[in-house]
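This report describes a protein chain for a reader who is new to structural work. Please keep the sequence and the structure in view while reading.

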Amino acid sequence: MRTALVTGASRGIGAAIARGLAADGYRIAVNYHSREADAKALCRELQQIAGLPHILVRADVSDRSQVESMFHTIGEVDVLVNNAGIAQQKLFTDLTEADWDRMFDVDVKGVFHCCQLALPHMIHQKSGAIVNISSMWGQVGASCEVHYSAAKAAVIGFTKALAKELGPSHIRVNCIAPGVIDTEMNALLGAETLEALREETPLELLGSPTHIADAVRFLVSDRASFITGQVLGVNGGMVI
Ligand code: NAP
């Protein structure tokens with residue numbers, strides 16, 4: 001039985017990834033931070049997709065000791081999807097040091113912690129797949145999201161370097177850079193802005209969490225066995 005840890009799986013993109021990987025036969029470790037009821041409901045739903053002993057684990061990915069306890073609870077992980085993330089919109093001149101630190105603690109250091117704890121088993125097995133969820137804003141930058149854009153760009157650099165280091169261990173590390181995906185993270189943008197973003201997107205659609213889940217399912221599968229260190233844009237053509 002292969003285990004996939006999906007961080008930030010209580011809702012949005014992470015929940016869709018968990019559903020997709022469960023359908024592919026993985027035992028899912030559903031990580032969440034604050035939304036316990038949503039995460040529990042997802043776990044119950046996954047049980048119906050495939051009767052595996054999926055597992056619910058609370059941890060703030062930015063906190064090393066919580067991530068260590070999470071791995072202690074889960075055990076060995078064959079697939080790691082670093083999806084947990086926060087976003088914030090603020091003028092650069094209004095950003096506080098605390099805003100900056102929290103963004104990097106969750107969106108970058110969380111990836112660092114989870115990879116370090118997942119890797120001993122993967123290296124021992126000489127197999128494994130890691131997918132990090134970055135953002136198109138990490139590729140091209142977003143106004144009023146300097147810290148988010150910088151953090152997501154860091155995830156891209158992290159992915160490329162780790163892929164080179166782990167290639168000889170047959171562990172693949174890739175990155176997805178989503179475009180505008182219809183989740184709570186974007187709800188704060190408001191209907192008008194979302195409509196403008198939809199119109200700006202060549203495919204004239206807002207992305208859905210399943211668009212990202214489908215890309216993750218491909219990247220962790222054997223069909224992607226010669227793909228590592230890549231940034232896959234899943235953005236309806238918004239960034240080409
Ligand atoms: P979302 O709806 O806001 O969900 C965020 C998820 O991350 C939740 O499950 C949340 O857990 C979890 N989370 C937040 N802080 C955490 C922490 N410190 N430790 C553990 N989990 C934490 O976001 P989303 O739209 O699904 O985004 C998922 C990922 O895709 C993020 O990395 C985001 O940056 C990236 N992304 C999203 C878009 C988009 O348009 N939506 C575009 C590009 C990239 P709780 O619910 O338990 O608090």
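## The largest pocket

In this predicted model, the lining of the largest pocket is made up of 19 nonpolar, 17 polar and seven charged residues. The pocket holds about 950 Å³ of space. Its lining numbers 43 residues, and those nearest the centre are Gly-85, Ile-86, Ala-87, Thr-183 and Met-185.

Which elements each supply at least two residues of this lining? They are the helices α1 (12-23), α4, α5 (136-140), α6 (146-166), α7 (184-187) and α8 (191-200), together with the strand β2.

## The second largest pocket

The second largest pocket has a volume of about 380 Å³. Among the 16 residues of its lining, Arg-2, Tyr-26, Ala-129, Val-220 and Asp-222 lie closest to the centre. At least two lining residues come from each of β5 (128-133) and α9 (209-220).

The classes of residue in this second lining are as follows: four are nonpolar, five are polar and seven are charged.

## An enclosed cavity

Rolling a probe the size of a water molecule over the atoms shows where empty space is left. How many cavities of 30 Å³ or more does a search of the whole structure find? The search finds one. The volume of the largest cavity is about 30 Å³.

The residues that line the largest cavity are Thr-7, Val-61, Asn-82, Asn-83, Ala-84, Val-106, Gly-110, Val-111 and Cys-114. Helix α4, which spans residues 97-125, contributes the most to this lining, with four residues. By class, the lining of the largest cavity contains five nonpolar and four polar residues, and no charged ones.

## Cysteines

A disulfide is a covalent bond between the sulfur atoms of two cysteines. How many disulfides does a search of the whole structure find? The result is zero. Cys-175, for instance, takes part in no disulfide, and the nearest cysteine sulfur, which belongs to Cys-115, is 11 Å away. Two sulfur atoms must lie within 2.5 Å to count as a disulfide, so this pair does not qualify.

Is Cys-175 buried or exposed? Cys-175 counts as buried because its relative accessibility is 0%, and the limit for buried is under 20%. Cys-144, by contrast, is partly exposed, since its relative accessible area is 31%.

## Residues with a positive phi

Most residues other than glycine have a negative phi. Cys-144 is not a glycine, yet it has a positive phi of about 65°. Cys-144 is placed in the loop between α5 and α6.

Glu-204 also has a positive phi, of about 55°, although it is not a glycine. Its place is in the loop between α8 and α9.

## Arg-35 and its surroundings

Where is Arg-35 found? Arg-35 belongs to the loop that lies between β2 (27-32) and α2 (36-49). Its relative accessible area is 30%, and Arg-35 is therefore classed as partly exposed.

Leaving out residues up to four places away in sequence, Arg-35 touches Ser-10, Arg-11 and Glu-184. Arg-35 and Ala-142 are separated by 107 residues in sequence, and their C-alpha atoms are 28 Å apart in space.

## Val-231 and its surroundings

Val-231 is part of strand β7, which covers residues 231-234. Because its relative accessibility is 25%, Val-231 counts as partly exposed. The range for this class runs between 20% and 50%.

Which residues are in contact with Val-231, leaving aside its neighbours within four places in sequence? They are Gln-139, Ile-156, Lys-160, Cys-175 and Ala-177. One of these contacts, Cys-175, is the buried cysteine described above. Val-231 and Val-173 are 58 residues apart along the chain, and 9.8 Å separates their C-alpha atoms.

## The annotated domain

An unreviewed UniProt entry carries the annotation "domain: Ketoreductase" for residues 2-179. Over residues 2-179, the chain is 52% helix and 18% strand. The C-alpha atoms at the two ends of this stretch are 29 Å apart.

Note on methods:
Residues are numbered from 1 along each chain as its sequence is written. This is a predicted model: local features need pLDDT of at least 70, side-chain atom pairs count only at pLDDT 80 or more; totals for chains, interfaces and linings use all residues. Side-chain values use heavy atoms; hydrogens and water are left out. Buried means under 20% relative accessible area, exposed over 50%, partly exposed in between (1.4 Å probe, protein chains only). On a 1 Å grid over the protein atoms alone, a cavity is a set of points where a 1.4 Å probe fits but cannot get out, and a pocket is an open set with protein on both sides within 12 Å along at least five of seven lines; lining residues have an atom within 4 Å of a point. Grid points are joined across faces, edges and corners, and a volume is the space filled by probe spheres set on the points. Ala, Val, Leu, Ile, Met, Phe, Trp, Tyr, Cys and Pro count as nonpolar, Asp, Glu, Lys and Arg as charged, and the others, Gly among them, as polar. UniProt positions are given in the numbering used here, feature names are shortened, and annotations may be inferred rather than shown by experiment. Contact means heavy atoms within 4.5 Å.
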